[in-house]
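Me: I should like a close look at one part of the model shown below, with its charged side chains as the point of departure. Please set that part in the context of the whole chain.

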Amino acid sequence: ASAREREREREKERDEGKTELSQQHFVKERNPLVAMTSITKFVARYLGSISHVKVRDLPGHIHKEYVGPSNTWWPRLKNRLLEYKEDHIDEGSFTPVKQVIVGVFCMAYLVGLPAELRHLRHAEEAKKNGGAEH
């Protein structure tokens, strides 16, 4: 077994018994209907896991169960990036390209949104005051 597989086995053993929900619970499926069912199950499990928590205790619960201590962030990020590379990049999948395209679109939209809103506000004020629109 490779070092990566041994690390995954150790992580599974460590996580057994925890209620932590992570992306590993999703079924890797190309069929959108099956993937949606998996996401629905994930959301149902997540909501079920927090249904017993009082509202005032929710931030602490989320931090403890899902965010974790800051010294585990980098190892988890590195692990997730390695999994992503194995699942998508090494397989020659088109998914990373689609995700970059969508990400660039969203960033461009968010960056341009304030200017567009200013333009619309100016046009409304000009229309209200009887001035010419640009």
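What is the relative accessible area of K85?

Reply: The model is a predicted one, and in it K85 has a relative accessible area of 39%. K85 is therefore classed as partly exposed, because that class covers the range between the 20% limit for buried residues and the 50% limit for exposed ones.

The partner of K85 is D90, with which K85 forms a salt bridge. The closest N and O atoms of this pair are 3.0 Å apart, and a salt bridge is counted when a side-chain nitrogen of Lys or Arg lies within 4 Å of a carboxyl oxygen of Asp or Glu. D90 has a relative accessible area of 48%, so D90 is partly exposed as well. Side chains of opposite charge can pair when their charged atoms come close.

A second salt bridge joins R80 to E83, at 3.6 Å from N to O. These two residues belong to helix α4, which comprises residues 73–89. They are 3 residues apart, or about one turn of the helix. R80 is partly exposed, its relative accessible area being 30%.

The whole structure contains 3 salt bridges. Besides the two pairs just described, R56 is bridged to D57, with 3.8 Å between the closest N and O atoms. Here the two partners fall into separate exposure classes: R56 reaches a relative accessible area of 67% and is therefore exposed, whereas D57, at 39%, is partly exposed.

From helix α4 the description passes to the loop between α4 and α5, where S93 is found. S93 has a relative accessibility of 19% and so counts as buried, the limit for that class being under 20%. The side chain of S93 makes a polar contact of 2.9 Å with the side chain of T95.

Another buried serine offers a useful parallel. S49, in helix α2 (residues 32–50), has a relative accessibility of 14% and hence counts as buried. The side chain of S49 reaches a backbone atom, namely the oxygen of Y46, at 2.7 Å; the contact described for S93 is between two side chains.

Beyond the loop, helix α5 covers residues 95–128 and holds both F105 and Y109. The search of the whole structure finds 1 aromatic pair. F105 and Y109 form that pair, which is stacked, with 6.5 Å from centre to centre and 25° between the planes. Their spacing in the sequence is 4 residues, again about one turn of the helix. Both rings belong to exposed residues; for F105 the relative accessible area is 57%, which is why F105 falls in that class.

F105 and Y109 also take part in a nonpolar patch on the surface, together with M107, L110 and V111. The accessible area of these five residues together is about 590 Å².

These details belong to a chain whose secondary structure comes to 5 helices and 0 strands, arranged as α-α-α-α-α from the N terminus on. Of its 134 residues, 14% are buried, and S49 and S93 are among them. The chain exposes about 11200 Å², and carbon and sulfur atoms supply 62% of that area. Among contacts with a separation of 6 or more, 35% link residues that are 24 or more positions apart.

To return to the part requested, K85 is partly exposed at 39% and is paired with D90 at 3.0 Å. The R80 and E83 pair provides a further salt bridge, set within helix α4.

Definitions and conventions: Residues are numbered from 1 along each chain as its sequence is written. This is a predicted model: local features need pLDDT of at least 70, side-chain atom pairs count only at pLDDT 80 or more; totals for chains, interfaces and linings use all residues. Side-chain values use heavy atoms; hydrogens and water are left out. Rings of Phe, Tyr and Trp (its six-membered ring) pair if their centres lie within 6.5 Å; planes under 30 degrees apart count as stacked, over 60 as edge-to-face and the rest as tilted. Buried means under 20% relative accessible area, exposed over 50%, partly exposed in between (1.4 Å probe, protein chains only). Patches are made of residues with over 30% relative accessible area and no salt bridge: like charges are joined within 9 Å, nonpolar side chains (Val, Leu, Ile, Met, Phe, Trp, Tyr) within 5 Å. Accessible areas come from the Shrake-Rupley method with a 1.4 Å probe; for residues, only the protein chains shown count as cover. A polar contact is a pair of N or O atoms within 3.5 Å; within protein, one must be able to donate a hydrogen and the other to accept it, and residues adjacent in sequence count only if both atoms are side-chain atoms. Contact means heavy atoms within 4.5 Å.
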